[in-house]
Amino acid sequence: MVIGAGMGGLTLAQALRRNGIDVAVHERDTDPARTGGYRLHLDHRACAALRRLDPELYQAVLASSAPPRAFSRFAVTDHRMRLLFTEPRDPSRETLLIGRIPLRRLLAHGLHDTLHLGSEFTGHRVNPDGTVTAHFADGGTDRADLLVGADGVGSRVAAALAGRPTSAPSGISGLAGRTALTPAIRPLVPDLLEHGPALAFGPAGIGLFLTLHDPGAEPAVDHAACTAVAPITEPPALIWGLLAPDPAYPGRPRHLDGPELVRTADALLDGWASPVRALIRDADPATAAFFGFHAADPGAPLTPWPAGHATALGDAVHAMPPTGGQAAATAIRDADVLTEELLRARDGESTIPLAVHHYQNRMAGYAADAVRTSVRPLGWVRRMATPAGARAARAALPAIAASARLGRALAGAGRA
């Protein structure tokens, strides 16, 4: 029994179902398309896990993703969009950039009676025979040999197992939205985004993530080849996400409507490059949202409970901010590892508690690393938010950008 139909929960359900293991997914949302978030980055391990689910389903995932050329590098810039440094992507390792809603809808494909929507988990008990009974807000119950909490940040399953919340607010929050790539908007888009996403840093501890999302342009797989599962593509847009220390936001940002959130983002970007501010001001207010970033402690045990007939995966145990682009990929990897261990239990080579024990041990290493990577940019934001950090940033960012330009020029001259 899986609580939560996010990327990890749905991947686990698909994998178990396709290997002949009965599974039920309980999700409080009433529609897989009703979800927050924008675009997800899936690394080569997540891609391999999804490919193993079903080749036809994976074809649709590929056809719904941005073309490979959309991510040849990751750039870091200053607030004037002057390049500071780049990190090339390894072309030998498959990665995908796909909208959160399309991927969730695709992973729900074919689950039918397995997926129980509008089912809100409230608690569970372990029975004397080792099975687990889950309770739901409508008074219903369900019973299974294993309960898996895939219910994200603030997980009720993980909190019950740990006896406490498994993550804490980071002190930094995000404000994000989409700007449609109309003919009038495209000339404002910085050229460097044609090669991949960028993370810009400015004074006062303000950061801004920018990425082009156009899955309909040169898809990795021809839509006509997807005969069993139809792809789901989104219209071309600039996806942006502002990050700032919580005190930088005025009033109560969670209570602001879309137009107010867009105006707040524009105000926080005072002094930034004019085209960037124009891109933010032209965002669709209906897509604007505020997100508080939570993070688990990567130095503490991520699953501080004995292995048994209940466990958790994804943000339920290793919440991380989106600044590392690893949350969805790590949740999918969790599902893949847990499936592998449960198949051994099904085949008599292990038991459910032992399978959970092996899964939790394996997950602890790579998930803690992902959290550390994801929280690192938040440290930069905190340092630049102090008066001394702001002064240092104002002095250093232009110099770093100039040095980067000189280095690229010298490298180009050397090749010539």
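**Exercise 1. Classify Phe201 as buried or exposed, and place Phe201 in its strand.**

Solution. Phe201 has a relative accessible area of 4%. The cut-off for buried is under 20%. Phe201 is therefore buried. This is a value from a predicted model. As for secondary structure, Phe201 belongs to strand S13, which covers residues 198-202. A distance can be added: between the C-alpha atoms of Phe201 and Gly149 there are 36 Å, and along the chain the two residues are 52 apart.

**Exercise 2. Two residues other than glycine, Met81 and His112, have a positive phi. Locate each one and decide whether it is buried or exposed.**

Solution. Step one takes Met81. Its phi is about 65°. Met81 sits in the loop that joins strand S4 (73-78) and strand S5 (83-88). The relative accessibility of Met81 is 12%, and buried means under 20%, so Met81 counts as buried.

Step two takes His112. Here phi is near 50°. The residue is part of the loop between helix H4 (100-107) and strand S7 (115-117). His112 has a relative accessibility of 62%; exposed means over 50%, so His112 counts as exposed.

To set the two side by side: Met81 is a buried loop residue, whereas His112 is an exposed loop residue.

**Exercise 3. Describe how the axes of helices H2 and H9 are arranged, including the handedness of their crossing.**

Solution. Start with the separation: the axis of H2 (residues 44-53) and that of H9 come within 8 Å. Next, the angle at which the axes cross is roughly 50°. Angles under 35 degrees count as roughly parallel, and 65 to 115 as roughly perpendicular. The angle lies in neither range, and H2 and H9 are therefore oblique to each other. Last, the handedness: H2 and H9 make a left-handed crossing.

**Exercise 4. Characterise the second largest pocket by its volume, its lining residues and their classes.**

Solution. First, the volume is about 370 Å³. Second, 18 residues line this pocket, and those nearest its centre are Met1, Ile21, Asp22, Asp145 and Leu146. Third, the elements giving two or more residues to the lining are helix H1 (7-18), strand S10 (141-144) and helix H9 (327-346). Helix H9 thus appears here as well as in the crossing with H2. Fourth, sorting the lining by class gives 13 nonpolar residues, 5 charged residues and no polar ones.

How values were computed
Residues are numbered from 1 along each chain as its sequence is written. This is a predicted model: local features need pLDDT of at least 70, side-chain atom pairs count only at pLDDT 80 or more; totals for chains, interfaces and linings use all residues. Side-chain values use heavy atoms; hydrogens and water are left out. On a 1 Å grid over the protein atoms alone, a cavity is a set of points where a 1.4 Å probe fits but cannot get out, and a pocket is an open set with protein on both sides within 12 Å along at least five of seven lines; lining residues have an atom within 4 Å of a point. Grid points are joined across faces, edges and corners, and a volume is the space filled by probe spheres set on the points. Helices (H or I, at least four residues) and strands (E, at least two) are DSSP runs, numbered from the N terminus. Ala, Val, Leu, Ile, Met, Phe, Trp, Tyr, Cys and Pro count as nonpolar, Asp, Glu, Lys and Arg as charged, and the others, Gly among them, as polar. Buried means under 20% relative accessible area, exposed over 50%, partly exposed in between (1.4 Å probe, protein chains only). Axes are lines fitted to C-alpha atoms, for helices over the stretch in contact, and angles run from 0 to 180 degrees between N-to-C directions. Angles under 35 degrees count as roughly parallel, over 145 as roughly antiparallel, 65 to 115 as roughly perpendicular and the rest as oblique. A crossing is left-handed if the near helix is turned anticlockwise from the far one by less than a right angle, and right-handed if clockwise.
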